[in-house]
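Let's take a walk through a protein model together. Have a look at the picture first, and then we'll go through it piece by piece.

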Amino acid sequence: MTLVPLPTRPTRRRRRLTVPEATALLLAVFFLLAAVAPHWVAPGDPLAIDPLSAFQPSSWAHPFGTDESGRDIFTRVVHGTGTSLVIGLAATAIGLGLGIVLGTLAGMLGPVVDFAVNRVVEVLFAFPGLLLALVFILIFGPGVVTSTIAVGLSTAPGYARIIRAQLISVRRSAFVEAATVLGLRRTQILTRHILPNTLAPLFVLGTLGIGQAIVWAATLSYLGLGAEPPTAEWGAMLSAGRTYITSAWWMSFFPGLFIVLTAVTATVLGRALDRRLRHA
Amino acid sequence: MQGRGVRVLARLGGAVFVLWMVATVTFFAVRLIPGDPAEAALGGPGSQASAEALAAVRAEFGLDQPLLTQYLQQLQRLATGDLGRSYAQGIDVGPLVLSQLGGTLLIAVLALTLAWLLALGLSTWSTRGGRLATSIGSGLEIVAAALPHFWLATALIVVFSIWLGVLPPISTAGVAGLVLPVITLAVPLAGFLGQIMRESLLDALESPFVLSARARGESERGVRRIHAVRHAALPAISLSGWAFGSLISGAVVVETIFARPGLGRTLLSAVTARDVPVVIGVVMLVAVVYILMTLLTDLASRLADPRLAERSAHEHGRSERGQAARGRTRG
């Protein structure tokens with residue numbers, strides 16, 4: 001008989017996938033497949049027009065209906081996955097990259113650099129949300145590449161702030177203090193202790209950020225500043241569907257549904273990753 | 001209190017600095033735009049402006065001066081509130097932009113309030129219920145946060161304007177015209193705020209001050225209302241500056257879709273028409289409002305959390321070490 005509760009071993013339960021996580025994983029596999037090999041998922045041609053079957057609602061032949069030129073929306077949405085994912089990934093990479101540079105400078109190089117970087121980040125924050133992206137597009141003109149860079153740029157200050165805070169809290173933590181007391185060299189402390197503990201949360205941030213980046217990039221396309229309408233990109237498809245909204249709601253609904261699904265998938269996976277990394 | 005006075009001055013100085021930098025960045029960034037600004041002022045390359053007309057415009061906007069002089073002149077004009085003249089509309093930017101501010105602020109404030117209420121309601125309801133309620137709550141929040149404004153707006157128009165015919169698809173002057181734009185802006189924001197509030201609410205419910213309140217025999221409702229909710233609101237309050245930014249981006253979309261006059265629509269049409277003075281005007285105005293918002297949220301967090309005010313009055317290092325210790329136990 002024990003009065004003190006036995007120290008419980010970490011059970012395997014925590015590692016098991018929950019239902020939303022499993023669903024998100026399946027969706028992620030589907031999106032990746034659609035991005036890498038769209039012809040396997042939807043064999044048709046996303047640009048093939050068929051004026052006789054324009055504006056058809058959902059049916060067995062056209063599960064998501066057809067658009068004003070009779071193009072199959074399902075095929076177009078599937079073929080747009082690659083574009084949207086690449087834009088989302090690239091924008092997140094740009095944002096995180098800039099954020100890492102700024103955050104590391106601020107977190108590691110002492111108070112003067114920290115002060116300067118903080119002011120830069122503050123100024124960037126004064127162009128909130130899409131404002132920075134819009135100014136960037138004003139200067140460099142609309143298009144897929146500029147809108148991707150623009151989205152990356154507008155997410156950078158947020159990442160920089162989080163990374164700086166993470167670096168500083170790791171630097172002040174007990175294990176770094178212990179390593180310093182033990183007389184480890186600075187580079188060793190940096191590469192062995194500080195960086196691994198700062199980088200792990202970055203995966204989480206990145207995963208969570210992809211969904212948001214896809215939404216923002218699609219927003220720019222929708223506003224006519226990103227991908228141009230004949231392209232099978234989700235935001236551009238929605239923008240094209242806007243004209244026919246009274247009669248053909250499916251033209252707008254399904255591309256938007258895919259945007260929401262990718263964003264939700266990214267969030268659920270990001271959180272799952274976060275839980276596992278934190279309790280690892 | 002001398003210390004407080006110094007702090008307030010430092011904050012104000014910081015705000016002025018940020019505004020100055022915003023003006024500087026936009027001034028030099030705009031010079032990167034390819035093409036002749038004088039030509040842009042006359043309607044772009046297609047206008048076939050004569051050399052005399054171009055020279056006249058250059059003289060009028062000071063474009064024939066050296067860059068540094070132009071920069072100083074621009075700062076001087078900004079300091080007196082003169083934002084220049086719109087290329088496309090030929091009217092002063094200051095009054096134009098200010099006249100658009102009201103409409104945007106109205107939907108932004110309404111949306112922020114609605115988002116707060118939704119987030120508060122959802123997170124308190126779902127943390128009180130069982131596991132099912134928690135799953136439903138966090139599921140709703142994640143989906144809401146993932147909804148793009150333009151898609152939500154389209155869906156709302158299809159359902160409420162086209163199918164049910166109860167609300168106007170484009171914004172009319174009355175209250176009915178406000179409903180759909182405000183819901184469109186509020187729902188994604190509520191998703192974000194709700195996620196954050198739930199985390200901090202759960203944190204708060206496990207904290208020592210809630211335990212001691214329970215030990216004093218306070219009712220569950222009292223514990224939640226007085227202690228936990230207030231604690232949970234803190235991170236969401238400090239995010240309100242960020243929330244305002246997301247509302248401004250949302251306003252660009254919502255005002256365009258619902259054909260509402262406002263800053264967002266003005267900004268978008270200025271960006272598409274490359275109407276540089278209007279873009280600068282909107283950016284400066286948004287920066288001013290944003291900075292005011294962050295100052296206000298700072299104040300609000302201090303009011304909601306007396307510890308913050310005390311902490312900054314004492315020596316700074318101690319609290320930071322305390323925070324690091326808290327970070328350790330959680331990590």
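Of the 146 residues in the largest nonpolar core, which touch the most other members? The winners are B:Val279 and B:Val283. Keep in mind that what you're looking at is a predicted model.

Let's stay with that core for a moment. Helix H8 of chain B, which covers residues 176-205, is its biggest contributor, giving 13 residues. And what does B:Val279 touch, leaving out residues up to four places away in sequence? In its own chain, B:Val279 touches B:Leu267, B:Ala270 and B:Val271. Over in chain A, B:Val279 touches A:Val135 and A:Leu138. As background, nonpolar side chains tend to be buried together in soluble globular proteins.

**The two chains**

Now step back and look at each chain as a whole. Chain A has ten helices and zero strands, so if you follow its elements from the N terminus on, you read α-α-α-α-α-α-α-α-α-α. Its C-alpha trace spans about 80 × 65 × 30 Å along the principal axes. Chain B has zero strands too, along with 15 helices.

Here are some values for each chain:

| Chain | Residues | Helices | Buried | Contacts joining residues at least 24 apart, out of those at least 6 apart |
|---|---|---|---|---|
| Chain A | 280 residues | ten helices | 45% | 64% |
| Chain B | 331 residues | 15 helices | 36% | 69% |

**Where the chains meet**

How many residues of chain B are in contact with chain A? There are 42 of them, and they meet 36 residues of chain A. On the chain B side, the elements that give two or more residues include helix H1 (2-30), helix H6 (131-146), helix H12 (263-273) and helix H13 (276-304). The largest share of that side comes from H11(B), with eight residues. Sorted by class, the chain B side has 31 nonpolar, nine polar and two charged residues.

**Two pairs of helices**

Next, let's zoom in on some helix packing. In chain B, the axes of H7(B) and H8(B) come within 9 Å and cross at roughly 135°. That angle makes H7(B) oblique to H8(B), and the crossing is right-handed. From H7(B), the residues in this contact are B:His149, B:Leu152, B:Ala153, B:Leu156, B:Ile157 and B:Phe160. They meet B:Leu180, B:Ile183, B:Thr184, B:Leu185, B:Val187 and B:Pro188 in H8(B). By class, that's ten nonpolar, two polar and no charged residues.

Chain A has a pair to look at as well: helix H7 (residues 174-181) and helix H8 (residues 186-222). Their axes are 10 Å apart and the packing angle is about 160°. Are H7(A) and H8(A) roughly parallel or roughly antiparallel to each other? Angles over 145 degrees count as roughly antiparallel, so H7(A) and H8(A) are roughly antiparallel. H7(A) passes H8(A) in a right-handed crossing. On the H7(A) side, the contact is made by A:Phe175, A:Val176, A:Ala179 and A:Thr180, while H8(A) brings in A:Ile189, A:His193 and A:Ile194. By class, this contact has five nonpolar, two polar and no charged residues.

Terms used
Residues are numbered from 1 along each chain as its sequence is written. Chains are lettered from A and ligands numbered from 1 in the order in which they are written. This is a predicted model: local features need pLDDT of at least 70, side-chain atom pairs count only at pLDDT 80 or more; totals for chains, interfaces and linings use all residues. Two residues are in contact if their C-beta atoms, placed from the backbone, lie within 7 Å. Helices (H or I, at least four residues) and strands (E, at least two) are DSSP runs, numbered from the N terminus. Ala, Val, Leu, Ile, Met, Phe, Trp, Tyr, Cys and Pro count as nonpolar, Asp, Glu, Lys and Arg as charged, and the others, Gly among them, as polar. A nonpolar core is a set of buried Ala, Val, Leu, Ile, Met, Phe, Trp, Tyr and Cys residues joined through C-beta atoms within 7 Å. A residue is buried if 20 or more other C-beta atoms lie within 10 Å of its own, exposed if 12 or fewer, and partly exposed in between; C-beta atoms are placed from the backbone. Axes are lines fitted to C-alpha atoms, for helices over the stretch in contact, and angles run from 0 to 180 degrees between N-to-C directions. Angles under 35 degrees count as roughly parallel, over 145 as roughly antiparallel, 65 to 115 as roughly perpendicular and the rest as oblique. A crossing is left-handed if the near helix is turned anticlockwise from the far one by less than a right angle, and right-handed if clockwise.
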